[in-house]
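I am opening the notebook on this entry and will write down, step by step, what I looked up and what I found.

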Protein chains: 2
Amino acid sequence: MSVRKFTIAGIQLGPIQKATPKTETVARLIKLLKEASEKGAKLAVFPELALTSFFPRWFIESQEEVDSYFEKGDITKNEVVKPLFDAAKEFNCGFVLGYAELTDDGHHFNTYILVDNQGQLVQKYRKAHLPGFDDPTPGIAFQQLEKRYFEYGDLGFPAYHSNPEWIDATMGMLICNDRRWPEAWRCYALQGMDLCLNGYNTTANGTALFGAKENKTVRIHHSDLSTISNAYFNSCFAVSVAKCGVEDEQELIAGSIIVDPNGLVIARAETEDDEIITAEIDLDEAINGKKKMFDFSRHRRPELYGRLVEQKGAIETPYKG
Amino acid sequence: MSVRKFTIAGIQLGPIQKATPKTETVARLIKLLKEASEKGAKLAVFPELALTSFFPRWFIESQEEVDSYFEKGDITKNEVVKPLFDAAKEFNCGFVLGYAELTDDGHHFNTYILVDNQGQLVQKYRKAHLPGFDDPTPGIAFQQLEKRYFEYGDLGFPAYHSNPEWIDATMGMLICNDRRWPEAWRCYALQGMDLCLNGYNTTANGTALFGAKENKTVRIHHSDLSTISNAYFNSCFAVSVAKCGVEDEQELIAGSIIVDPNGLVIARAETEDDEIITAEIDLDEAINGKKKMFDFSRHRRPELYGRLVEQKGAIETPYKG
């Protein structure tokens, strides 16, 4: 049996304070996963860095302290996290989880894993588009030091086709800032993605990233826009899930959404705390766009797109008067 | 003097019926350009195919009849259109105009030209993303035969920096369906684009392009989404302008908009007919995004984007269970 129509859940999380023990957080995630499964979900999406506070907001000098936010080695053998894997099997509900990964050979990544309904880790993604800075900015209340604490994701954008008897989906995973980069979505869509899973920790205000018009409403608009437009351009469903609320004195936006291939929001979180949103989705609804407006094989012009890979930054176009 | 802050106009057009003589249409455009200049505009954007009815809706067997919709040879020497060039100089207001171009050596393109405030043609763009079909679909009221009547644009995405004493802008032009393709916007943004100019003829209903949810509201949502999201992703201003209303019995959407680099709509047409929308824009507002969230030189990962140019169509990702 091929399961193309099923219920999916986004599990928005309220803050995870620095002082909260990981065992307590994992217990909270298990409880939420159980609730999602009781709502009929076959797959539930947790946000980015769902085991810890968003620590890149701090300049931490001690590498030992930095590493305390990371899960070391094979996460499937991590005693603290293992109960969550077991829960996926028990509740027959897979999940996507974000966490800070420290590999056995000492590499640091901002990572997302897909665990199936048998509790098996079946796919891993490492954040490609790290925002922020390598070095702290003097005189600001909160930093954005992802470029300091993480290495750039080295796995590309590997689409994954799940066991059709669980859910018959071609999935792509993106983490937070990745969702603002159409290149990332397209790399997945070129592998047939019909379901994109994204989690974020996005601050409600802060470092003048958006200029004079910056405020929480504009930031939520940008978050929505990124998910909604790219779901449309790539004719896929998308789930974007926040860690939100006031976490260690810094406010994060909420606004978790589930979006269909027409770029229509079919579920939206109403709170700024733990909240499960669900939608019954039929992946066959993604086919129409892939065969018509966004039939890449008929309409794309890759011979004109050379700059996308030949250039990293923008060049200037001078006036030649 | 460098003019970074100026008024820009989008000139939405109501229908241009097949029976309307081109001289009459050009007179209408001149009148509208004059009005735009009286509102202070330095540049006015007309839509795609602004001299004729949207003829790709018909299956036309006679090439002679097809060619009657095209402007042959050098458009600056076209006696019918020349008064519009003269008007740009007279009103000190440049324009962007869409028309069907037939070159001296027999090539057919869906073309956009930028004419400066001296009445000089300074840049040309030819539509890269032709929608529709090569062959007519039996049994439908209106075709979409752009792939039949036009060749694919062969000029790439050439950004243009205008005379700073007129307006100090790095501009990109896109035509209709192009706006739905993030690759096109990005190719321009990688050349420093801070102003994107787009015109469209988009049907309000028709060929089930968007599946069961298809309707006029969804189509306007898609049009908005394409312009708004890409303006944000590329930190540029954008003007998207419709030919709208019931043209030769086929309804076209309106919804012309001017958008800022935060993806906020700063002007929107309210009618489905000839209507001038204007906004005073400050191109320096595009700098913030280009230096922060969308500083490509710091944040893009072109080494991971190979598929964007190595593949045209999507491949399937099979289950490897």
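Which residue of chain A forms a salt bridge with Arg186(B), and how many Å apart are the closest N and O atoms? I looked up the pair in what is a predicted model, and I found that the partner is Glu183(A), with the closest N and O atoms 2.6 Å apart.

I then asked how many salt bridges the rule finds across the interface of chain A and chain B. The count there is four, and I note alongside it that the rule gives 48 salt bridges over all chains.

Confidence came next, before I read further. Chain A has an average pLDDT of 96, and 98% of its residues score at least 70, while the model as a whole carries an ipTM of 0.97 and a pTM of 0.98. I keep in mind the general caution that predicted coordinates should not be read in detail where pLDDT is low.

For the interface itself, I recorded that 76 residues of chain A are in contact with 76 residues of chain B, and that the two chains bury about 7,200 Å² between them, of which 61% is on carbon and sulfur atoms. Looking for polar contacts between chain A and chain B, I obtained 42 residue pairs, counting those with both residues at pLDDT 80 or more. The elements of chain A that give two or more residues to the side touching chain B are strand 7 (160-161), helix 5 (182-189), helix 6 (216-233), helix 7 (285-291), helix 8 (296-299) and helix 9 (307-310). Helix 6 of chain A gives the most, with ten residues. Sorted by class, this side of chain A has 35 nonpolar, 27 polar and 14 charged residues.

I also followed one salt bridge within chain A, where Arg126(A) pairs with Asp154(A) and the closest N and O atoms are 3.0 Å apart. Arg126(A) lies in strand 6 (residues 121-126) and Asp154(A) in the loop between helix 4 (146-149) and strand 7 of chain A, so this pair ties together parts that are 28 residues apart in sequence.

My last entry concerns a hairpin in chain B. Strand 13 (residues 257-259) and strand 14 (residues 265-268) of chain B pair in the antiparallel sense over three bridges, and I traced the bridge partner of Ile258(B) to Ala267(B) in strand 14 of chain B. Five residues sit between the two strands, and in this hairpin Gly263(B) takes a positive phi near 70°.

Note on methods. Residues numbered from 1 in each chain as written. Chains lettered and ligands numbered in written order. Predicted model: local features only at pLDDT ≥ 70, side-chain atom pairs only at ≥ 80, totals over all residues. Heavy atoms only, no water. Pairing = 2+ DSSP bridges. Helix = DSSP H or I, 4+ residues; strand = E, 2+ residues; numbered from the N terminus. Contact = heavy atoms within 4.5 Å. Buried area = accessible area lost by both parts, 1.4 Å probe. Salt bridge = Lys/Arg side-chain N within 4 Å of Asp/Glu carboxyl O. Polar contact = N/O pair within 3.5 Å; in protein donor to acceptor, adjacent residues only side chain to side chain. Nonpolar A, V, L, I, M, F, W, Y, C, P; charged D, E, K, R; others polar. pLDDT = per-residue confidence, 0-100.
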